[in-house]
Amino acid sequence: MEALILEPSLYTVKAILILDNDGERLFAKYYDDTYPSVKEQKAFEKNIFNKTHRTDSEIALLEGLTVVYKGSIDLYFYVIGSSYENELMLMAVLNCLFDSLSQMLRKNVEKRALLENMEGLFLAVDEIVDGGVILESDPQQVVHRVLQSAKEQIKWSLLR
C-alpha cells in the first residue's frame, strides 16, 4: 500500500460559514472551488447544518472535509478544511473569529447584532484568513486592526 505524502501548504481553510438557527446562510466565504456554484454551496450548507445543529461536539468529517463548528444563541459558526488538515489550526481560526466578533459586538453574538455589523464581520474574516491562508489567530489583534480600518474609512469619508 502506497502512503499518501502531502506537500505542506499554507492553504489551510477551505471555507468559513455562519448560518442562522434555520440553516440559512448569513455569511459564507469559500476559498477554493470545491463547491463552485451557489447551488452546490447551498446544498453543502444544508447538509452540514443538518448533521451538526443537534450535536454538542465541535468537529465533524463530512464529504471528505474536516468541519469545526460552534453554536451561539441563534448562530452556527463553521470553519472547513480538507480531511487531512490539522483540527487544532481550524479550531484556532474558529475561536479567533468568534472571540473577535464577541468583542466587537460587546458579547452580544446573535443574529440581529451580527446583521447590523456585517462590515465588521467582513473585515474580521479578511484579517484572519486571506485566500485560505491563516494570517492571524489572536482576537485582540484582529479587533485592533478592524478598528484601525474603520477609523481610516471614517477619515477618508470626511475628507471627501
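The expected span of a helix is 1.5 Å times one less than its number of residues. Keep that rule at hand as you walk through this predicted model.

**Stop 1: the annotated domain**

Begin by selecting residues 12-150. UniProt, in an unreviewed entry, places the feature "domain: AP complex mu/sigma subunit" on this stretch. Colour residues 12-150 by secondary structure and you will find 45% helix and 27% strand. Now put a distance between the two end C-alpha atoms of the stretch: they lie 28 Å apart.

**Stop 2: helix H1**

Next, select residues 38-52, which form helix H1. H1 has 15 residues, and from its first C-alpha to its last it reaches 21 Å, close to the 21 Å expected at 1.5 Å a residue.

Show the side chains of H1 and ask: which of its residues are buried? They are Gln41, Phe44, Glu45, Ile48, Phe49 and Thr52. These residues lie on the same side of H1, because they cover an arc of only 130° around the axis. Turn the helix over, and on the face pointing away from the buried side you meet the exposed residues Lys39, Lys46 and Lys51.

**Stop 3: the cavity**

Keep Phe44 selected, since this buried residue of H1 is also one of those that line the largest cavity. Add the other lining residues to your selection: Lys14, Ala15, Tyr30, Asp32, Thr34, Tyr35, Leu65 and Ile80. How is this lining made up by class? It has six nonpolar residues, one polar and two charged. The volume of the largest cavity is about 40 Å³, and the count of cavities of 30 Å³ or more comes to one.

**Stop 4: the loop between E4 and E5**

Move on to isoleucine 73, in the loop between strand E4 (65-72) and E5. Check its backbone: phi is positive, about 50°, although this residue is not a glycine. Is isoleucine 73 buried or exposed? With a relative accessible area of 70%, isoleucine 73 is exposed.

**Stop 5: the loop between E5 and H2**

Follow strand E5 (75-82) onward to the loop before helix H2 (87-104), where asparagine 86 sits. Glutamate 85 belongs to this loop between E5 and H2 as well. Select each in turn. Buried means under 20% relative accessible area, so glutamate 85, at 14% relative accessibility, counts as buried. Asparagine 86, at 36%, counts as partly exposed.

Two distances are worth drawing here. Asparagine 86 and threonine 66 are 20 residues apart along the chain, and their C-alpha atoms are separated by 8.7 Å. Glutamate 85 and serine 100 are 15 residues apart in sequence, and 23 Å apart from C-alpha to C-alpha.

**Stop 6: the loop between H2 and H3**

At the far end of H2, look for arginine 106 in the loop leading to helix H3 (111-116). Arginine 106 has a positive phi, near 55°, in a residue other than glycine. Its relative accessible area is 73%, so arginine 106 is exposed.

**Stop 7: helix H5**

Finish by selecting residues 139-159, helix H5. How far apart should its ends be? At 1.5 Å a residue, its 21 residues should span 30 Å, and the end C-alpha atoms are indeed 30 Å apart.

Now show Pro139, Val142, Val143 and Val146, which are buried in H5. Because these residues cover an arc of only 95° around the axis, they are on the same side of H5. Rotate to the other side of H5 for the last view, where Lys151, Leu158 and Leu159 are exposed.

Definitions and conventions:
Residues are numbered from 1 along each chain as its sequence is written. This is a predicted model: local features need pLDDT of at least 70, side-chain atom pairs count only at pLDDT 80 or more; totals for chains, interfaces and linings use all residues. Side-chain values use heavy atoms; hydrogens and water are left out. UniProt positions are given in the numbering used here, feature names are shortened, and annotations may be inferred rather than shown by experiment. Helices (H or I, at least four residues) and strands (E, at least two) are DSSP runs, numbered from the N terminus. On a 1 Å grid over the protein atoms alone, a cavity is a set of points where a 1.4 Å probe fits but cannot get out, and a pocket is an open set with protein on both sides within 12 Å along at least five of seven lines; lining residues have an atom within 4 Å of a point. Grid points are joined across faces, edges and corners, and a volume is the space filled by probe spheres set on the points. Ala, Val, Leu, Ile, Met, Phe, Trp, Tyr, Cys and Pro count as nonpolar, Asp, Glu, Lys and Arg as charged, and the others, Gly among them, as polar. Buried means under 20% relative accessible area, exposed over 50%, partly exposed in between (1.4 Å probe, protein chains only). The arc is that of the directions from the helix axis to the C-beta atoms.
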